[in-house]
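Grab a pencil and work through these exercises with the structure open beside you. Try each task before you read its solution.

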Amino acid sequence: MANQDQDILLEVKGLKTYFFLDEGTVKAVDGVDFEIRRQQTLCIVGESGCGKSVTARSILQIVDPPGRIVEGEILYHRRNGNTTEVLNLAAMDPRGQEIRAVRGKEISMIFQEPMTSLSPVHTIGNQIMEAILLHMPVSKNEARDTAIDMLRRVGIPKPESRINDYPFQLSGGMRQRAMIAMALVCRPSLLIADEPTTALDVTTQAQILDLMLELQEEMGMAIMLITHDLGVVAEMADDVVVMYLGHAVERGDVDSIFHDPKHPYTRALLRSIPKVGLKARERLDSIRGMVPDPYHRPAGCPFHTRCDEAIPGVCDRIVPPRIPLGDGREVRCLLYTEEYAGER
Amino acid sequence: MLQYIARRLLLMIPTIIAISIVTFIIIQLPPGDYLTSLVASMAETGEEVDQSALETLKARYGLGQPIYVQYFKWAWGIISRGDFGQSFEWNKPVTDLIWERLALTFVLSLSTLLFTWIVAFPIGIYSAVKQYSLGDYVFTFLGFIGLATPNFLLALVLMYISFKYFNQSVGGLFSPQFVEAPWSWAKVADLMKHLWIPMVILGTSGTAGLIRIMRANLLDELHKPYVVTARAKGLPERRLLLKYPVRVALNPFVSTVGWTLPGLVSGSAIVSVVLSLPTTGPLLLRALMSQDMYLAGSFILMLSVLTVIGTLISDILLAWLDPRIRYQ
């Protein structure tokens, strides 16, 4: 276990990120805990609006106002040779020098839509070199060489001429490759990928995911992958966090999540995957109801309104605590407390 | 890029030809031709009509010949000799009348444009970045007042104030002793001293408008994903702002330059009358009122050509700014 502690790269503890709007406060992230281990892949799964992107943005402190981190710690374990220094990213000034030194250098991020996530009026070379020149003491020419090198490694053909292209001159897959090149060019220890393949077609999706795994092996960074696609999770993840309405409802390693899901929400999610061989007239299992309106979060467990196993009078009252199940697994469901275990 | 500019230049030719035809038609619209008006006005003032001079003029403009011959003679005169015809009201060639005024108008227009941009840019950016802050509300308020106040009214108010409290005359672009003087450094200095008042007056509504445009454009861009990407790279806020969203927000800004040029030349007529500025506006107004058709026609031709040139400039600027246009 001591060895595992050494392996931790990032710890998120009790993170709460709220948006203060005129209509009320949206608790986009309302108490999320997880760890990312070095060189491992953590997948965060959940429906749209469950707070997975905001969690990712909170780590880099790039949540747009009126959103801000109201509580919690984000501990980044920075390795300097043999010593490890622990930084609390959540306590840093979002516009300050400290967090900017982490962004793009030690933790970088790629986004869903590579077309809109790259500036339309700058060449990809310009945008990649900018990241290099910001964080490394190199000349423009060296930065250019590094950028070309990186473009080649992400599989862009003829990088010497492609570097002068504008994003609109590249295909969707190539753009995402350029995005990845930009994110990895300073050799970060963590790459946050916010639905990196959602906007791409299926073949390209597979290529990009393969590329990410390949580069992870080569460069040794950890990946935090945000997705709503359980197929992607199965392919990529070492660890999984399942989110629902701002809560991390369950976490554990990928095998136990898929083979032995605990939380009713995780189980429902897994049941709703279309399977090959489903009979023609059989209906696909789906989770009943809708994600509640963010302004009117249900009291108690946020999932109780859609949960088949909810205990009336209990689940709509008590916010479930984090319940460790051993082996790094954790679930937030009252059914796993001693008191209500009998209801299962 | 060069190819793009060359193509745009070639496209200008048919446009300008079309404009010249329309202008010529306008010149021909009033009943009677130029000579009839000339003879009539000479007879009115009791001058002797010189038959041989009339014959020369008749040959020069092809009067009495078919309309297309007249058009070609007129157009050829402009192209080969810079001859825009005769102003019968002033009894001078049109060229003598307009060049100096046109030059002064240009100086005034350009300085107004610069003034507008220098003021509007930073304020627009500030208003967008600090949306709904006190400063934003103050500038918005001032902006709407600036938009709503007619320029000529502002001119009158300013003239009154400077006359009453500073005992200074603000009319014209020169002090009385310089009006007829030949060009010298002293005269230029005098021009600079007078220039700022019409510049501010003509600039207010434009500035107010541009502030609103800049603010709206920038607000659209500020939350685009590419801004988040740049922020995630670790770029400092100020550099990020100027390099990415402001740069993209400039596009609609630049594409309006084309309309600004002719707008400044003709739109300032009333203010110029009020301030008695020696610019083109008042002359055009007078030419139109007295049916001095060669003079008026020349103005219309020049304004239209200016519009075309302005559009060309803004298109070139746009292509330079935005690779998506350049590579089409």
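**Exercise 1.** Which residues in α5(A) meet which residues in α8(A)?

*Solution.* First, some ground rules: this is a predicted model, where local features need pLDDT of at least 70, side-chain atom pairs count only at pLDDT 80 or more, and totals for chains, interfaces and linings use all residues. Residues are numbered from 1 along each chain as its sequence is written, while chains are lettered from A and ligands numbered from 1 in the order in which they are written.

Step 1: find the helices. Helices (H or I, at least four residues) and strands (E, at least two) are DSSP runs, numbered from the N terminus. You want α5 (residues 124-135) and α8 (residues 172-184) of chain A.

Step 2: look for contacts, meaning pairs of residues whose C-beta atoms, placed from the backbone, lie within 7 Å. From α5(A) you should get I124(A), Q127(A), I128(A) and A131(A), and they meet A178(A), A181(A) and M182(A) of α8(A).

Step 3: sort them by class. Ala, Val, Leu, Ile, Met, Phe, Trp, Tyr, Cys and Pro count as nonpolar, Asp, Glu, Lys and Arg as charged, and the others, Gly among them, as polar. This contact has six nonpolar residues, one polar and no charged.

**Exercise 2.** At what angle do the axes of α5(A) and α8(A) cross, and what do we call that arrangement?

*Solution.* Two packed helices are described by the angle between their axes and the distance between the axes.

Step 1: get the axes. They are lines fitted to C-alpha atoms, for helices over the stretch in contact, and angles run from 0 to 180 degrees between N-to-C directions. Here the axes come within 8 Å and cross at roughly 20°.

Step 2: name the arrangement. Angles under 35 degrees count as roughly parallel, over 145 as roughly antiparallel, 65 to 115 as roughly perpendicular and the rest as oblique. So α5(A) and α8(A) are roughly parallel to each other.

Step 3: check the hand. A crossing is left-handed if the near helix is turned anticlockwise from the far one by less than a right angle, and right-handed if clockwise. α5(A) passes α8(A) in a right-handed crossing.

**Exercise 3.** Now do the pair α8(A) and α9(A): how do their axes cross?

*Solution.* Step 1: helix α9 of chain A covers residues 202-219, and its axis comes within 10 Å of that of α8(A), crossing at roughly 20°. The two are therefore roughly parallel to each other, and the crossing is right-handed.

Step 2: list the contact. α8(A) brings G172(A), G173(A), Q176(A), R177(A), I180(A) and L184(A), while α9(A) brings T204(A), Q207(A), I208(A), L211(A), L215(A) and M219(A). By class that's six nonpolar, five polar and one charged.

**Exercise 4.** Over in chain B, at what angle do α6(B) and α8(B) pack?

*Solution.* Step 1: helix α6 (residues 134-148) and helix α8 (residues 185-222) of chain B pack at an angle of about 135°, with their axes 8 Å apart. That makes α6(B) oblique to α8(B). The crossing of these two is left-handed.

Step 2: pick out the residues. F139(B), G143(B), G146(B) and L147(B) of α6(B) meet several residues of α8(B), among them T204(B), A208(B) and R212(B). The contact has four nonpolar, six polar and one charged residues.

**Exercise 5.** Where in chain A is the cis peptide bond, and which non-glycine residue has a positive phi?

*Solution.* Most residues other than glycine have a negative phi, and most peptide bonds are trans.

Step 1: the bond from P65(A) to P66(A) is cis, with omega near 5°. P66(A) sits in the loop between α2 (52-60) and β4 (67-80) of chain A.

Step 2: Q39(A) isn't a glycine, yet its phi is positive, about 60°. You'll find Q39(A) in the loop between β2 (24-37) and β3 (41-45) of chain A.

**Exercise 6.** How many residues does each chain give to the contact between chain A and chain B?

*Solution.* Step 1: chain A gives 25 residues and chain B gives 20. On the chain A side, the largest share, four residues, comes from α5(A).

Step 2: that side of chain A has 12 nonpolar, six polar and seven charged residues.

Methods:
Two residues are in contact if their C-beta atoms, placed from the backbone, lie within 7 Å.
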